[in-house]
Amino acid sequence: MYLDCLDALDQKILTLLTQNARYSYSEIGELVGLSRVAVKGRIDALEKKGIIEEYTTIINPQKISGAVSCYFEIETAPDALNAVIDRLYQCGTVTQIYRMSGNCCLHVHAVAASQDELDTFIRNEIDRLDGAVSVKTHVILSRIKDVKGLRL
């Protein structure tokens with residue numbers, strides 16, 4: 001199991017938070033048999049250790065009228081990789097960048113407000129990436145399964 005380094009109570013708390021990050025300390029305490037204060041202390045410790053990174057709201061771009069979500073597979077020349085990463089990192093349309101195995105390969109996710117915005121992003125950013133050897137674009141048609149974070 002991924003969480004072997006944590007005790008059973010921390011594992012239960014993390015499982016509950018991944019199911020519903022809006023649980024109160026009291027609700028979690030009732031479910032795991034601890035006081036609200038003890039639960040808060042454990043969650044604070046998990047945050048301090050970096051095990052819990054953040055709490056966030058995830059917005060489904062497909063539910064917003066006109067939004068377009070895409071993945072790009074970008075291969076760069078070795079000496080251009082860092083410059084490409086830096087340029088894409090600065091772009092607000094880009095939501096995720098992953099370095100993949102292979103020859104300087106990046107997997108990039110972007111969400112544009114419209115087809116026109118996506119076209120502008122591709123023309124002004126993707127097409128102008130100095131050192132890009134190849135780019136493949138995949139527009140997401142529908143979301144079938146989308147699991148966030150580590151499943152416990």
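## Helix 1: span and start

Let's begin with a quick consistency check on this predicted model. Helix 1 covers residues 8–19, and at 1.5 Å a residue its 12 residues should span 16 Å. The C-alpha atoms at its two ends lie 17 Å apart, so the geometry agrees with that expectation.

The start of the helix has a side-chain interaction worth a look. There, a side-chain oxygen of Asp7 comes within 3.1 Å of the backbone nitrogen of Leu9.

## Helix 1: the buried side

Which residues of helix 1 are buried? They are Asp10, Gln11, Ile13, Leu14, Leu16 and Leu17. An α-helix has 3.6 residues a turn, so residues three or four places apart point the same way. That is a handy rule to keep in mind while turning the structure on screen. The partners of these buried residues are helix 2 (25–32) and helix 3 (36–48), against which they pack.

## Helix 1 against helix 3

The axes of helix 1 and helix 3 are 11 Å apart, and the two helices pack at an angle of about 80°. Helix 1 is therefore roughly perpendicular to helix 3, since angles of 65 to 115 degrees fall in that class.

On the helix 1 side, the contact is made by Leu9, Asp10, Ile13, Leu14 and Leu17, while helix 3 supplies Arg42, Ile43 and Leu46. Sorted by class, this contact has 6 nonpolar and 2 charged residues, with no polar ones.

## Helix 2 against helix 3

Helix 2 also meets helix 3: their axes come within 8 Å and cross at roughly 100°. This crossing makes helix 2 roughly perpendicular to helix 3.

Helix 2 contributes Tyr25, Ser26, Ile28, Gly29 and Val32 to the contact, and helix 3 answers with Arg36, Val39, Lys40, Ile43 and Asp44. Here the residues divide into 5 nonpolar, 2 polar and 3 charged. Ile43 of helix 3 is listed in the contact with helix 1 and again in the contact with helix 2.

## An exposed lysine in helix 3

Lys48 sits in helix 3. Is Lys48 buried or exposed? With a relative accessible area of 77%, Lys48 is exposed, because that value is over the 50% cut-off. As for its distance from Leu88, the two residues are 40 residues apart in sequence and 29 Å apart in space, C-alpha to C-alpha.

## Two buried residues of strand 1

Strand 1 runs over residues 68–76 and includes Ser69. Ser69 has a relative accessible area of 7%, so it counts as buried. Its side chain forms a polar contact of 2.6 Å with the side chain of His109. Setting aside neighbours within four places in sequence, Ser69 is in contact with Pro61, His109, Ala110, Val111, His138, Val139 and Ile140.

Thr76 is also found in strand 1. What is the relative accessible area of Thr76? The value is 2%, which means that Thr76 is buried. Beyond its neighbours within four places in sequence, Thr76 is in contact with Leu81, Val84, Asn103, Cys104, Gly131, Ala132 and Val133.

## A partly exposed residue of strand 2

Ile97 belongs to strand 2, residues 94–100. With a relative accessible area of 27%, Ile97 is partly exposed, because the value lies between the 20% and 50% cut-offs.

Which residues does Ile97 touch, not counting those up to four places away in sequence? The list is Ile85, Leu88, Tyr89, Leu106, His107 and Val108. Lys63 is 34 residues from Ile97 along the chain, and their C-alpha atoms are separated by 23 Å.

Notes
Residues numbered from 1 in each chain as written. Predicted model: local features only at pLDDT ≥ 70, side-chain atom pairs only at ≥ 80, totals over all residues. Heavy atoms only, no water. Helix = DSSP H or I, 4+ residues; strand = E, 2+ residues; numbered from the N terminus. Expected span 1.5 Å × (residues − 1). Buried < 20%, exposed > 50% of the residue type's maximum accessible area, 1.4 Å probe, protein only. Contact = heavy atoms within 4.5 Å. Polar contact = N/O pair within 3.5 Å; in protein donor to acceptor, adjacent residues only side chain to side chain. Axes fitted to C-alpha atoms, helices over the stretch in contact; angles between N-to-C directions. Parallel < 35°, antiparallel > 145°, perpendicular 65-115°, else oblique. Nonpolar A, V, L, I, M, F, W, Y, C, P; charged D, E, K, R; others polar.
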